[in-house]
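This report describes the main parts of one protein model in plain terms. Please look over the sequence and the structure before reading on.

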Amino acid sequence: MLYRTLSNSTNLVYKKNTKNNAFELIYASDKDLEIPVRIEELLQKFIETKQRVIDLSIGERDYLCAVTAVQLDQDGTNGVVVSLISADKIKQTAESSIIIMVEAFVLLLVISSLISGLLFRRIAKPIAIITELTKRYAKRDFAQTYTANTNDEIYDLSVAVSKMADSLQSQDEARDKLFRQISHEIKTPLTTIYGYAEGLKTGVFENIDEPAEAIMRESLRIQKITENIIFLSKLESKVEIFAFEEHNISEILERAIESIENLAIIKDIDIIYTPQQIEHICLDAEKMQCALTNILSNCIKYAKDCITIEVLDSDDAVKIIISDNGKGFNVEHIDDLLSGLSRVKSNGSGIGLSIVNEIVEAHGGRFIVGNKSIGGAEFSIVLKK
C-alpha cells in the first residue's frame, strides 16, 4: 500500500532556460494542479532548511514535497523534478497500515490461542491428570488409571505411572497378607505360652519342667520369627549391607550343611552331596550361607528321608540345586512362596524363602522354586560368575 501511495504522487518537471536562467514547467502529471509559488522560491526553501522533504501547502491541501535535480538533454540542459504527495494520502496510508498491523496482531493472538489450546490438550492436560493420579496413589487410592493418547514421552510416562500404581497395589496386598500370616505365626506360640502360664498359675502342673520348656521353646520360636521379619525388612529396604568378596561356593555350602546336620541326624534324613572344586565367585559368604541354611531347613522339615544337593558349573554361572523327596508344593502356592505369603512354611515361619529370594537377587542371581518330576520340592540358585 505504501508503494502504491508513492506511485500515485504528482510529479512536476521544470527545465532551466539557459538564456535567463529561469525555470519553465515542461511537464505536470496532474494538469489541474497550479503551483502558487515560484520554483525559485521553492528551491531556496530547500536550501535554507537543508531538508530532503518539506511541507508545502497548495491551495487548501497540504503536501510533502521533494526536489530532485536531473539532466534533461545530452547537451547538458539542467532540470528539476518536483514530487508532491498529498498529506491526506499519507495519513490514510498510515491509518491503513495501523489497521493491518492490528488485524495481524489479532490474527496472531487467535492462532497462538489455538496453539495453546492444542498444547494444553496434548501436554498440559495429560500432565495435570498424571499429577493428580500420583497424589491419589500416594494416598493408596488406586481406583483410577490413565493412559495418555499422545504417542510420545507423555504416553510413556503415563504407562510407567500406571505400572508403578500396579506395583504399589500389589505390594500393599502382599504386605497385608504378610501381616496376616505373621499374626497367625505369632498367635500360635503366644496361645501356647498363655496356656502353660495359666496352668502354672492355677497349679495344674505338678512338674513345672514340661511347661517351662514349652514356654522357652515357643518364646524362642517368636524370637526367630521376629528376627526373620527384621532381616527381611532390611533386605527389602536395601538397608542391609552386603560385603562382596571372592569365595568358594562349595565351602559355604558345606558350612550350611554342617549347621543343620544334627537336625538331619535326629530326623534320620540323609544329605547326599559330593564336594567339588568350583571357581571362586564374588558374594557375601555370611548371607549366602544363611540362604542355603534356610533352604536346607525347609527340606528337612518336609523330606521323607533324603535331601540331594548338586552343583553345576558352567563358563558364566554356578547353579546350586537342592531337592527333597517329600510331597512337594501345591501348584497354586508356588507363586506365593517367594513373597512369604504361602501357608507352606520355611524355617518355622512363612518368610524363610522370601529371605532366600532377597539375598539371591542382591547377588544378581535367580532363585527358582518348583517340584521335581518324580516328586518332592526343588530349589535352584543361579549365580553369575
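## Two sheets, two cores

Strand β3 and strand β4 (residues 61-71) run antiparallel and are joined by six bridges. Two strands count as paired if DSSP finds at least two bridges between them. Helices (H or I, at least four residues) and strands (E, at least two) are DSSP runs, numbered from the N terminus. This is a predicted model, in which local features need pLDDT of at least 70 and side-chain atom pairs count only at pLDDT 80 or more, while totals for chains, interfaces and linings use all residues. Residues are numbered from 1 along each chain as its sequence is written, and side-chain values use heavy atoms, with hydrogens and water left out.

**The antiparallel sheet.** In the pairing of β3 with β4, L56 stands opposite Y63 in β4. Both strands belong to an open sheet of five strands, with the order β2-β1-β5-β4-β3 and antiparallel pairing. At the edges stand β2 (23-28) and β3 (53-58); each has a single partner strand, so one side of each is left without a neighbour in the sheet. On average, neighbouring strands of this sheet are turned by 35 degrees against each other, direction ignored. Axes here are lines fitted to C-alpha atoms, for helices over the stretch in contact, and angles run from 0 to 180 degrees between N-to-C directions. Helix α2 (residues 39-49) lies across β1 (10-16), β2, β3, β4 and β5 (78-86), and runs at about 145 degrees to β3.

**The mixed sheet.** Another open sheet of five strands has mixed pairing and the order β7-β9-β10-β12-β11. Its edges are β7 (270-272) and β11 (366-371), each with a single partner strand, so one side of each is left without a neighbour in the sheet. The average turn between neighbouring strands is 15 degrees in this sheet, direction ignored. Strand β10 (residues 317-324) pairs with strand β12 (residues 377-384) in the antiparallel sense over seven bridges. The bridge partner of I320 in β12 is I381. Helix α9 (residues 352-362) packs on the sheet and touches β11 and β12; its direction makes about 145 degrees with that of β11. V369 is found in β11, and its C-alpha atom is 6.6 Å from that of S380, although the two residues are eleven apart along the chain.

**Nonpolar cores.** In soluble globular proteins, nonpolar side chains tend to be buried together. A nonpolar core is a set of buried Ala, Val, Leu, Ile, Met, Phe, Trp, Tyr and Cys residues joined through side-chain atoms within 4.5 Å. Buried means under 20% relative accessible area, exposed over 50%, and partly exposed in between (1.4 Å probe, protein chains only). The largest nonpolar core has 46 residues, and I249, L292, I322, F367 and F379 have the most contacts inside it. Helix α7 (residues 285-302) supplies the largest share of this core, eight residues. Which residues does L292 touch, leaving aside its neighbours within four places in sequence? L292 is in contact (heavy atoms within 4.5 Å) with I252, L253, A256, I320, I322 and I381. A second, separate core has 16 residues, including Y14, F23, L42 and V80.

**Aromatic pairs.** Rings of Phe, Tyr and Trp (its six-membered ring) pair if their centres lie within 6.5 Å; planes under 30 degrees apart count as stacked, over 60 as edge-to-face and the rest as tilted. The structure holds five such pairs. F367 and F379 form a stacked one, 6.3 Å centre to centre with 10 degrees between the planes. F367 lies in strand β11 and F379 in strand β12, so the pair ties together parts that are twelve residues apart in sequence. F367 is buried at 7% relative accessibility, and F379 is buried at 1%. Ring pairs also link F329 with F367 and F379 into a cluster.

**Salt bridges.** A salt bridge is a side-chain nitrogen of Lys or Arg within 4 Å of a carboxyl oxygen of Asp or Glu. The whole structure has seven, among them these:

| Salt bridge | Closest N to O distance |
|---|---|
| E132 and R136 | 3.9 Å |
| E218 and R217 | 3.8 Å |
| D284 and K287 | 3.4 Å |

D284 is buried, at 5% relative accessible area, and K287 is buried at 7%. Salt bridges that share partners join R217, E218 and R221 into one network.
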